[in-house]
Amino acid sequence: MIQRLLNFLDVSPVNFLAVKNIAAELAEAGYRRVDPREPIGSAKAGEKFFVTKNDSSVYAFQIGRKPLSEAGFHLICAHCDSPTFRIKPNAEMRCEGGIVKLNTEVYGGPIMSTWFDRPLTLAGRVVVRGSSVMSPETLLLHVRRPLLQISNLAIHFNRQVNDGVKLSKQKDMLPILGIVNDELEHDGMLLSLISTELNVAREDILDFDLYLADAMPACTFGVHDEFLSSGRLDDLSMCFAGLEALLRSDESDATKVLAIFDNEETGSQTKQGAGSPFLASILQRIATVQDGNTEAFWQAVERSFMISADNAHAWHPNYGEKYDPTNHPKLGKGPVIKFNAAQKYASDAVSAAVFSEICRSVDVPCQRFVNHSDVAGGSTLGNILASSLPLRGVDMGNAILAMHSCRETGSTLDHLYCVKAFTRFFSL
């Protein structure tokens, strides 16, 4: 199972590719793809289908044995975007010696220094001329080799570098792409690369959504191979745990939902984010097809439970003072329920009790996380989704180190624990 996770991380450097790979797994497991512009069709017990939005979010459903008005939905929600750097339009900047660097902008909140001096690549989607102006074609791009690098300034030019350096997003974080060596490249090194990789004519390339990604593969490390090292553990590890659980779980009275959103790292307020009404509209359409009225949908909502799965902060052995005095989530000690008095998380005593009992029923340990009261915390999907759908729910995740670093660290055992707990939840 760990090798499957590592493989998924390697082939999913950005949201678009993560969704493509999840959709492929669903289709192989017998889920039919539904175009949201068309009727859902049937929603009989046992039926399995999925929809996508913007090529960057995916929602899978398996209809339960009981009517929605009696059993409701069991939802696991996660997000497939991660902090990185987006390639700007007109990105190429030619410097002395023919060196070409790319103009970028920050996506989300990365730890910028961790992106220095490591092999990077490009991934995302490219839009090319299609059959009509209103229907361009979308192609996915993943350059499967080291392609770029953001190089540090030598210590000889900045003797204070080890005392901490304020980084400029516009100046310091621009990756080197190559050195111009012919006139074709002079006219557009990046477009030449895209054209070659996708085997399309340069003049047919209309636009792109491209991002930087770590070119080094995900791996395990530690004396017992007990640690995971990869970019995008936050939150692709939770996406994949939810997918594994969905495909492994038994038939259930409740209707199972796996919702993988985009744009959590920038606030979720997009058509493919958790702040969108898209998921609610699909759930309502399912209820209407099954029961013929919207009353059943709202009954289902009141009988539903949501797990908002987004990674938590593991206790760091070098920075113990940053953590709450009595709540220290540890690597390898099980899923973490997240609490916040300012309601940045959906967890409360009732939903936490439900999730911890799910864990206990399959011998999975469970931990709690609360911020140090002097340290501001982040937020996640749970309350954003609950603001449009009044669901009972819990915010949880596996503990990781170096969240938002170019490479984060997790626990192999925690991934196994999480899949086990999620599988139990989907089987209820």
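User: Is Arg125 buried or exposed here?
Analyst: This is a predicted model, and in it Arg125 has 13% relative accessibility, so Arg125 counts as buried. The cut-off for buried is under 20%.

User: OK, and which strand is Arg125 in?
Analyst: Arg125 lies in strand β7, which runs over residues 120-132.

User: What does the side chain of Arg125 make a polar contact with?
Analyst: The side chain of Asp209, at 2.8 Å. A polar atom of the Arg125 side chain also lies 3.0 Å from the backbone oxygen of Asn54.

User: And leaving aside neighbours within four places in sequence, which residues is Arg125 in contact with?
Analyst: Asn54 and Asp209 are both on that list, along with Phe16, Asp55, Thr138, Leu139, Leu140, Phe208 and Leu210.

User: Switching to cavities. How many of 30 Å³ or more turn up in the whole structure?
Analyst: The search finds 4. The largest cavity holds about 220 Å³ of space, and the second largest about 60 Å³.

User: Which residues lie nearest the centre of the largest one?
Analyst: Pro13, Ser82, Pro83, Thr84 and Arg232, out of 21 lining residues. Strand β10 (residues 205-214) gives the largest share of that lining, with 4 residues.

User: How does that lining split by class?
Analyst: For the largest cavity you get 10 nonpolar, 6 polar and 5 charged residues.

User: What about the lining of the second largest cavity, how does that divide?
Analyst: That lining has 4 nonpolar, 6 polar and 1 charged. Its residues include Leu228, Leu233, Ser237, Asn311, Asp414 and His415.

User: Which elements each supply at least two residues there?
Analyst: Two helices and two strands: α6 (233-248) and α11 (412-427), plus β19 (399-400) and β20 (408-411).

User: Last topic, aromatics. How many aromatic pairs are there?
Analyst: The count comes to 10. Take Phe8 and Phe240: their ring centres are 4.7 Å apart and the planes sit at 20°, so this pair is stacked. Under 30 degrees is what counts as stacked.

User: Where do Phe8 and Phe240 lie?
Analyst: Phe8 is in helix α1 (residues 2-10) and Phe240 in helix α6, so the pair ties together parts 232 residues apart in sequence. Helix α6 also helps line the second largest cavity.

User: Are those two Phe residues buried or exposed?
Analyst: Phe8 is buried, and Phe240 is too.

User: And which residues form an aromatic cluster?
Analyst: One cluster is made up of Tyr59, Phe261 and Phe278.

Key. Residues are numbered from 1 along each chain as its sequence is written. This is a predicted model: local features need pLDDT of at least 70, side-chain atom pairs count only at pLDDT 80 or more; totals for chains, interfaces and linings use all residues. Side-chain values use heavy atoms; hydrogens and water are left out. Buried means under 20% relative accessible area, exposed over 50%, partly exposed in between (1.4 Å probe, protein chains only). A polar contact is a pair of N or O atoms within 3.5 Å; within protein, one must be able to donate a hydrogen and the other to accept it, and residues adjacent in sequence count only if both atoms are side-chain atoms. Contact means heavy atoms within 4.5 Å. On a 1 Å grid over the protein atoms alone, a cavity is a set of points where a 1.4 Å probe fits but cannot get out, and a pocket is an open set with protein on both sides within 12 Å along at least five of seven lines; lining residues have an atom within 4 Å of a point. Grid points are joined across faces, edges and corners, and a volume is the space filled by probe spheres set on the points. Ala, Val, Leu, Ile, Met, Phe, Trp, Tyr, Cys and Pro count as nonpolar, Asp, Glu, Lys and Arg as charged, and the others, Gly among them, as polar. Rings of Phe, Tyr and Trp (its six-membered ring) pair if their centres lie within 6.5 Å; planes under 30 degrees apart count as stacked, over 60 as edge-to-face and the rest as tilted.
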